[in-house]
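Reader: I would like to learn how to read a model of this kind feature by feature. Could we take the general idea each time, and then the case at hand?

Author: Gladly; please look at the sequence and the structure below, and then begin with whichever residue you like.

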Amino acid sequence: MQLSDKEWFQLAVEAKKHDVEAAIIELLNNSEEADRIHMKVSPPFRTLNESTIVYTETTREVLQTLTRALSNADTPDKSTISDFEESLKSWGETQHHGTLYKAISQTFAWISSANRIQKRAIKSGRLCPMGTPTEQGRNLQAFIQGFFKNTLQPKISSLSRAVESLERQWSILPLTLISQDELIDALIRLPAGTRNELSLAIALHVEQWQMLLQGCSLVPRAETTNSKHPSRSS
C-alpha cells in the first residue's frame, strides 16, 4: 500500500486543504488588499467597462496562485511568493469590488424608483386614454427610443457584463467551505440575495416599459426594451 492510500494520510491532506481554503477566504475578504479593492473613493478607471477589463487580467494572475495552493502543489519559492504579492497589490489597486458595489447600489435605487413611477402610470391610464396616445404618450416612445436606449440600457448592460465576468472567474476556484454565491456576495460585500433582487427589478422594469407602450398602441422595439441584467444568484 502506498502512503497516499493510507487513511491517516488522506485525512491529513484533507485537513491541510481546509486550512488553505480558510486562509484564502480570509485573504479575499478580511485583508488589507480586500479593503483596498473595495474602496469607492476616486476609482482609478473612468468607466465600469475599463475597470472590468483590468480586474479580469489581475484576477487571472491571483487565481493561478490560489488554485495551485489548493491543489497541494509544492511549497512556493521566494520568487513565486514575490510575484504573487505584486499580483495581489495590482488586484487591490483596481478598486473594482468597490466600483461594482457602487454601480449595483445606484442601479438598484433608481430602477426601484422608476418601477414605482411606471406602476402608477400604468394604473392611472392617463398617458394613453382608450389606447390613444396623448402628447405625453408620444413623448414616452421618444424617451424609450432615445434616452433609455442610448443612456440607461448601456449602463445596465455594462453592469451585467461586469457581474457575469466576476462570477465566471471566481467559479474556477474549488472551494468547499463557502458556496459560489456566498463568495461573490462576500467579495462585493453585498447582502445575500441582492443580485437576484436587482435581476428581478430590471426584468420588471423592461416588462413595464412594454406594457406602457402597448397600452398606447405603440409597438415596443426589441432592441430598446430587452436589456441584459446581472445574473441571478440561486
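Reader: Is Asp35 buried, partly exposed or exposed?

Author: The model is a predicted one, and the answer rests on relative accessible area, where under 20% means buried and over 50% means exposed. Asp35 has a relative accessible area of 43%, so this residue is partly exposed.

Reader: With which residue does Asp35 form a salt bridge?

Author: The general idea is that side chains of opposite charge can pair when their charged atoms come close. In this structure Asp35 forms a salt bridge with Arg189, and the closest N and O atoms of the two are 2.8 Å apart. Asp35 belongs to helix α2, residues 32-37, while Arg189 sits in the loop between α7 (180-188) and α8 (194-215), so the salt bridge ties together parts that are 154 residues apart in sequence. Arg189, with a relative accessible area of 34%, is partly exposed.

Reader: What is the phi of Arg189, and what is its sign?

Author: Most residues other than glycine have a negative phi, and most peptide bonds are trans. Arg189 has a phi near 60°, which is a positive value in a residue other than glycine. Gln95 also deserves a look, with a phi near 55°, again positive in a residue that is not glycine. Gln95 is placed in the loop between α4 and α5 (96-124), and its relative accessible area of 9% makes Gln95 buried.

Reader: How many salt bridges does a search of the whole structure find?

Author: The search finds seven salt bridges, among them the pair of Arg46 and Glu50, whose side chains meet at 3.4 Å, N to O. Arg46 is exposed, its relative accessible area being 71%, whereas Glu50 counts as partly exposed at 30% relative accessibility.

Reader: Which residue forms a salt bridge with Glu167, and how far apart are the closest N and O atoms?

Author: The partner is Arg195, and the closest N and O atoms are 2.4 Å apart. Arg195 lies in helix α8 and Glu167 in helix α6, so this salt bridge ties together parts that are 28 residues apart in sequence. Arg195 counts as buried at 1% relative accessibility, and Glu167 counts as buried at 14%. Through salt bridges that share partners, Glu167, Asp181, Asp185 and Arg195 are joined into one network.

Reader: Turning to rings, how many aromatic pairs does the structure hold?

Author: The structure holds one aromatic pair. To classify such a pair one reads the angle between the ring planes, with over 60 degrees counted as edge-to-face. The rings of Trp91 and Trp170 have centres 6.3 Å apart and planes at 65°, so the pair is edge-to-face. Trp91 in helix α4 and Trp170 in helix α6 (residues 135-170) are 79 residues apart, and their pairing links distant parts of the chain. Trp91 is buried, with a relative accessible area of 0%, and Trp170 is likewise buried, with a relative accessible area of 0%.

Reader: Which residues form a negative surface patch?

Author: The patch is formed by Asp77, Asp83, Glu85, Glu86 and Glu93. Of these, Glu93 is found in helix α4, residues 78-93, and is partly exposed, with a relative accessible area of 41%.

Reader: Helix α4 also holds Lys89; how far apart are Lys89 and Ile37 in sequence and in space?

Author: Lys89 and Ile37 are 52 residues apart in sequence, and their C-alpha atoms lie 9.3 Å apart in space. Lys89 itself is partly exposed, with a relative accessible area of 42%. One may read Glu182 and Gly193 in the same manner, since that pair is eleven residues apart along the chain, with 9.7 Å between the C-alpha atoms. Glu182 is placed in helix α7 and counts as partly exposed at 46% relative accessibility.

Reader: To finish with the whole chain, how many helices and strands are there?

Author: The chain has nine helices and zero strands, and 39% of its 234 residues count as buried.

Terms used:
Residues numbered from 1 in each chain as written. Predicted model: local features only at pLDDT ≥ 70, side-chain atom pairs only at ≥ 80, totals over all residues. Heavy atoms only, no water. Patch = residues over 30% accessible without salt bridge, like charges linked within 9 Å, V, L, I, M, F, W, Y side chains within 5 Å. Areas by Shrake-Rupley, 256 points an atom, 1.4 Å probe, with all protein chains shown as cover. Salt bridge = Lys/Arg side-chain N within 4 Å of Asp/Glu carboxyl O. Lys, Arg positive; Asp, Glu negative; His and termini not counted. Charge placed at Lys NZ, Arg CZ, Asp CG, Glu CD. Helix = DSSP H or I, 4+ residues; strand = E, 2+ residues; numbered from the N terminus. Buried < 20%, exposed > 50% of the residue type's maximum accessible area, 1.4 Å probe, protein only. Phe/Tyr/Trp six-rings, centres within 6.5 Å; stacked < 30°, edge-to-face > 60°.
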